Amino acid sequence: MKRVLTGDTPTGKLHLGHYVGTLENRIKLQNEYEMFILFADTHALTTLSSTPKMIAEYTKEVLLDNLSVGLDPKSVTFFVESAIPEIYELAAIFSMYVSHNRALRNPTIKDEIKSKGLGDQYSLGFINYPIFQAADILCVKGQVVPVGRDQEAHLEQTREIARELNKLTNSDIFPEPQALAGRVGKLIGTDGNPKMGKSLNNTIYLSDSKDEVEKRVMNMYTDPKRIHPSDPGTVEGNPVFIYLDTFAAEKDKRQIEEYKNKYKKGEVGDVEVKKFLTGILNEFLEPIRQRRAEYEKKPDLLQSILDKGNVRVREDAARTLNELKQKMGLDL
Ligand code: ATP
Ligand code: MG
């Protein structure tokens with residue numbers, strides 16, 4: 001069976017962008033592939049270095065998010081990065097095969113420095129992020145990686161590392177993992193930022209209550225040029241219509257087309273369309289909320305899902321690491 005590895009950085013709860021970027025593909029693939037889902041808690045230190053204790057809280061939330069969308073802990077192995085020390089040893093070896101310049105030449109890293117306003121204050125670990133991620137993926141020899149579009153540059157780096165070490169050891173120890181993009185590669189934020197990001201405060205969370213969804217939708221960015229409901233509005237690039245197209249059920253498609261036409265002609269106000277969107281999103285989120293509430297009642301089950309996954313992956317990661325060290329002669 002082919003192996004799927006993907007994961008989340010526990011820097012906050014998961015949102016609609018994660019759903020279309022990666023969770024949806026996880027749900028589709030969970031029965032066809034052997035699936036591993038990692039919570040990259042050490043990676044989370046890139047943004048939460050001053051409040052590391054929050055990371056464990058977020059890890060639990062993100063596990064709940066994954067379970068609440070319908071991932072089945074009986075077929076998926078969930079694990080925590082920091083419970084697998086072999087990952088760090090692999091990452092240390094990998095970092096010797098990536099030039100300093102190459103590490104800096106990563107377009108996603110450059111984007112994040114800008115969008116997160118890091119200036120020149122980012123850590124060495126932040127630049128090392130994709131190399132670490134290569135170790136996350138390759139420790140279980142993941143072949144398919146369901147991720148949003150921002151991850152493509154990191155996957156390219158993973159493939160380069162795999163190729164380099166296969167060449168060095170004259171073997172095929174590592175696969176060259178392929179990214180599997182979601183239905184929407186990058187979902188726009190509620191503020192019109194091209195990416196809904198949990199570090200960007202422009203999200204609608206999968207765990208938001210009905211009232212929170214309403215509040216977030218009512219505050220959404222729409223068309224800044226439109227002042228009165230009678231002004232012709234722009235539909236393209238408008239997050240309200242993007243979310244309608246993305247999350248509405250088939251039965252609502254006709255109504256959406258009608259709203260788009262009216263909006264363009266200045267025949268409907270933002271508030272009416274936003275109320276409609278609130279209903280659509282709440283309908284989409286309701287079954288997710290219900291499943292989450294069931295799992296929230298079982299903290300012991302949640303802990304045992306992680307414990308079991310950690311034990312399972314440690315065995316795999318140790319095997320991978322030993323294989324590499326042996327082939328490199330680092331096994332005195
Ligand atoms: P951070 O800003 O802390 O990196 P994040 O919101 O990017 O947080 P991650 O945990 O890094 O979240 O991403 C988990 C997965 O979700 C990745 O595959 C990523 O590509 C995908 N993803 C994140 N945001 C979006 C989005 N807005 N649209 C589509 N996919 C997304
Ligand atoms: Mg990210």
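Which handedness does the crossing of α3 and α12 have, right or left? Let's work up to that one; keep in mind that this is a predicted model.

**Exercise 1. Describe how α3 packs on α12, and give the handedness of the crossing.**

Step 1. Start with the geometry. Two packed helices are described by the angle between their axes and the distance between the axes. For helix α3 (residues 53-68) and helix α12 (residues 270-296), the angle is about 125 degrees and the axes are 8 Å apart.

Step 2. Put a word to that angle. It makes α3 oblique to α12, because 125 degrees is not over 145, the cut-off for roughly antiparallel, and lies outside the 65 to 115 range for roughly perpendicular.

Step 3. Now the handedness: α3 passes α12 in a right-handed crossing.

Step 4. Look at who touches whom. From α3 come Glu61, Leu64, Asp65, Leu67 and Ser68, and they meet Ile288, Arg291, Arg292, Tyr295 and Glu296 of α12. Sorted by class, this contact has five charged residues, four nonpolar and one polar.

**Exercise 2. Work out how α11 runs relative to α12, and list the residues that make the contact.**

Step 1. The axes of helix α11 (residues 253-265) and α12 come within 11 Å, crossing at roughly 160 degrees.

Step 2. That angle makes α11 roughly antiparallel to α12, and the crossing is left-handed.

Step 3. On the α11 side, the contact uses Gln255, Ile256, Tyr259 and Tyr263, while α12 brings Asp270, Glu272, Val273 and Phe276. The tally for this contact is five nonpolar, one polar and two charged.

**Exercise 3. Do the same for α2 and α7, ending with the classes of the contact residues.**

Step 1. Helix α2 (residues 41-48) and helix α7 (residues 124-138) have axes that come within 10 Å and cross at roughly 165 degrees.

Step 2. So α2 is roughly antiparallel to α7. Their crossing is left-handed.

Step 3. Thr42, His43 and Thr46 of α2 meet Gly125, Phe126, Tyr129, Phe132, Gln133 and Asp136 of α7. Split by class, that gives three nonpolar, five polar and one charged.

**Exercise 4. Say which residues are closest to ligand 1, then find polar contacts to its oxygen atoms.**

Step 1. Ligand 1 is surrounded by 23 residues, and the closest are Thr11, Asp150, Leu187, Lys195 and Met196.

Step 2. Take Lys195 from that list: a polar atom of its side chain lies 2.6 Å from an oxygen atom of ligand 1.

Step 3. Check the backbone too. A polar backbone atom of Thr9 is 2.8 Å from an oxygen atom of the ligand.

Step 4. Finish with His18, where an N or O atom in the side chain sits 2.9 Å from an oxygen atom of ligand 1.

Notes
Residues are numbered from 1 along each chain as its sequence is written. Chains are lettered from A and ligands numbered from 1 in the order in which they are written. This is a predicted model: local features need pLDDT of at least 70, side-chain atom pairs count only at pLDDT 80 or more; totals for chains, interfaces and linings use all residues. Side-chain values use heavy atoms; hydrogens and water are left out. Axes are lines fitted to C-alpha atoms, for helices over the stretch in contact, and angles run from 0 to 180 degrees between N-to-C directions. Helices (H or I, at least four residues) and strands (E, at least two) are DSSP runs, numbered from the N terminus. Angles under 35 degrees count as roughly parallel, over 145 as roughly antiparallel, 65 to 115 as roughly perpendicular and the rest as oblique. A crossing is left-handed if the near helix is turned anticlockwise from the far one by less than a right angle, and right-handed if clockwise. Contact means heavy atoms within 4.5 Å. Ala, Val, Leu, Ile, Met, Phe, Trp, Tyr, Cys and Pro count as nonpolar, Asp, Glu, Lys and Arg as charged, and the others, Gly among them, as polar. A residue is near a molecule or strand if one of its heavy atoms lies within 4 Å of it. A polar contact is a pair of N or O atoms within 3.5 Å; within protein, one must be able to donate a hydrogen and the other to accept it, and residues adjacent in sequence count only if both atoms are side-chain atoms.
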